Amino acid sequence: MIRDHQVILYYGDLSDSSSIVRILAECRPDEIYNLGAQSHVAISFEAPEYCGDVAALGVLRILEAVRMLGMDKTCRIYQASTSELYGRVQEVPQDEETPFHPYSPYAVAKQYGFWIVKEYREAYGMFCCNGILFNHESERRGENFVTRKITLAAGRIAEGLQTHLELGNMDAKRDWGYAKDYVECMWLMLQNDRPQDFVIATGVQHTVQDFTERAFNVNGIQRVWKGSGIHKKGYDTSSGRMLVCVNPQWFRPTDVVNLLGNPSKAKRELGWNPMKTSYEELIRIMAVHDRELAKREKAGSSI
Ligand code: G4F
């Protein structure tokens, strides 16, 4: 346990029921936000069993711990569900009624998490909700997710620390929002009168290529694209240097290519504003932050 002013951190693990029971028994929280998972889709193909244990059974372990400790009528639970549940999409845009077709070990595990939350709500009357969150990014995003990989590379390339960026499927479309805004909506879900599931998205969709283009623009680099498919390359318009190319290493055995959420229910019932931070502003925040990191790296100071 680490104490830091009002925040107390406990060591625990979603694969370890005893640690969950121990922590909940000590804290007896009013609200639980379960954001825990092996959350990288590509890595779930490499470690599918671990991903299933944590992202599927981990949810069950929390729900059961809450019940066992007699907190089922006092503790509200938020479960981080995901737009990956729509996977091989059945319709565009996706809302709370759209059928699921999970398309990775991660998404299959998350499907269990989604349904077990619904089951405990209906079977035991627990206040537990699924937030079906579309991609939410920020300057704190892990470096192996595509947006952060791009903004870090754009900053480093602008500072002369990196020659080029290698990506996988640049045609994939995502509905990207700012994580800070989405966290607010998670909280709103638990302040609601009754437990429900909500799609949290912006309702606007862009390709990986478009995100790349704009992140470079923030760094003052304009690019032109040549070729298609695995031969697509992005060149600096002023120097002619190749800055972006495709590396099939980053392709997935199955990839989700067309995510676009309809946040109408969250707007209507929670009063949430999905456009608080625009797509352009999100890229600017991330790109400016990562340019600063690159400058500090170049100057040799710690980052
Ligand atoms: O940034 P990504 O790795 O995120 P992905 O797979 O959409 O999942 C994220 O969002 C979900 C919410 O919808 C969460 F549930 C999940 O936990 C995670 O936070 O990839 C986005 C897209 C994919 O289509 C991928 O194939 O970008 C494509 N891509 C192209 N090149 C790449 C790359 N992805 C990564 N990580 N790295 C690349 O070089």
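Modeller: Two rings of Phe, Tyr or Trp (for Trp, its six-membered ring) pair if their centres lie within 6.5 Å; planes under 30 degrees apart count as stacked, over 60 as edge-to-face, and the rest as tilted. What you have above is a predicted model: local features need pLDDT of at least 70, side-chain atom pairs count only at pLDDT 80 or more, and totals for chains, interfaces and linings use all residues. Residues are numbered from 1 along each chain as its sequence is written, and side-chain values use heavy atoms, with hydrogens and water left out.

Biologist: Which residues form one aromatic cluster with Y86 and F100?

Modeller: The ring rule applies to Phe, Tyr and Trp. Y86 and F100 belong to one aromatic cluster, and their partners there are F114, W115 and F134.

Biologist: By this rule, how many aromatic pairs does the count come to?

Modeller: A pair of aromatic rings is described by the distance of the centres and the angle of the planes. With the rule applied, the number of aromatic pairs comes to 10.

Biologist: Is the pair of F114 and W115 stacked or edge-to-face?

Modeller: Centre to centre, F114 and W115 are 5.4 Å apart, with 80 degrees between the planes. Planes over 60 degrees apart fall in one class, so the F114 and W115 pair is edge-to-face.

Biologist: Is F114 buried, or is it exposed?

Modeller: Buried means under 20% relative accessible area, exposed over 50%, and partly exposed in between (1.4 Å probe, protein chains only). W115, at 44%, counts as partly exposed. F114 has a relative accessible area of 5%, so it is buried.

Biologist: How are the planes of F211 and Y279 arranged, stacked or edge-to-face?

Modeller: The F211 and Y279 ring centres are 6.2 Å apart. Their planes meet at 65 degrees, so the pair is edge-to-face.

Biologist: How many residues apart are F211 and Y279?

Modeller: Helices (H or I, at least four residues) and strands (E, at least two) are DSSP runs, numbered from the N terminus. F211 is in helix α7 (residues 208-218) and Y279 in helix α9 (residues 279-299). Both residues are buried, and this pair links distant parts of the chain, with a separation in residues of 68.

Biologist: The charged end of which residue sits over the ring of W250?

Modeller: A charge sits over a ring if NZ of Lys or CZ of Arg is within 6 Å of the ring centre and within 35 degrees of the ring normal. One example is R76 over F127, 3.8 Å from the ring centre. For W250, the charged end lies 3.7 Å from the ring centre, and it comes from K149.

Biologist: What span is expected for α9?

Modeller: The expected span of a helix is 1.5 Å times one less than its number of residues. Helix α9 has 21 residues, and its end C-alpha atoms are 30 Å apart, which agrees with the expected value of 30 Å.

Biologist: Which glycine follows α9?

Modeller: Buried residues of α9 include Y279, L282, I283 and M286. Contact means heavy atoms within 4.5 Å, and the cover over these buried residues includes β6, α5 and α7. After the helix, phi turns positive, near 85 degrees, at G300.

Biologist: Which residues is I283 in contact with, leaving aside its neighbours within four places in sequence?

Modeller: I283 is found in helix α9, and its relative accessible area of 1% makes it buried. Beyond those neighbours, I283 touches F211, R214, A215 and V218.

Biologist: How far does α5 reach from its first C-alpha to its last?

Modeller: Helix α5 (residues 146-158) has 13 residues, and among the buried ones are T147, I150 and L152. Their cover includes β14 (242-246) and α9. From end to end, α5 is close to its expected span, reaching 18 Å.

Biologist: Which residues come nearest to the ligand?

Modeller: A residue is near a molecule if one of its heavy atoms lies within 4 Å of it. Of the 24 residues around the ligand, those that come nearest are S39, T82, S83, R174 and R252.

Biologist: How far is a backbone N or O atom of G168 from a nitrogen atom of the ligand?

Modeller: A polar contact is a pair of N or O atoms within 3.5 Å; within protein, one must be able to donate a hydrogen and the other to accept it, and residues adjacent in sequence count only if both atoms are side-chain atoms. A polar side-chain atom of R141 lies 2.9 Å from a ligand oxygen, and a backbone N or O atom of N144 lies 3.0 Å from a ligand nitrogen. For the backbone of G168, the distance to a ligand nitrogen is 2.8 Å.

Biologist: Which residue does a cis peptide bond join to V92?

Modeller: Omega of this bond is about -5 degrees. The partner sits in the loop between β4 (76-82) and α4, and it is P93.
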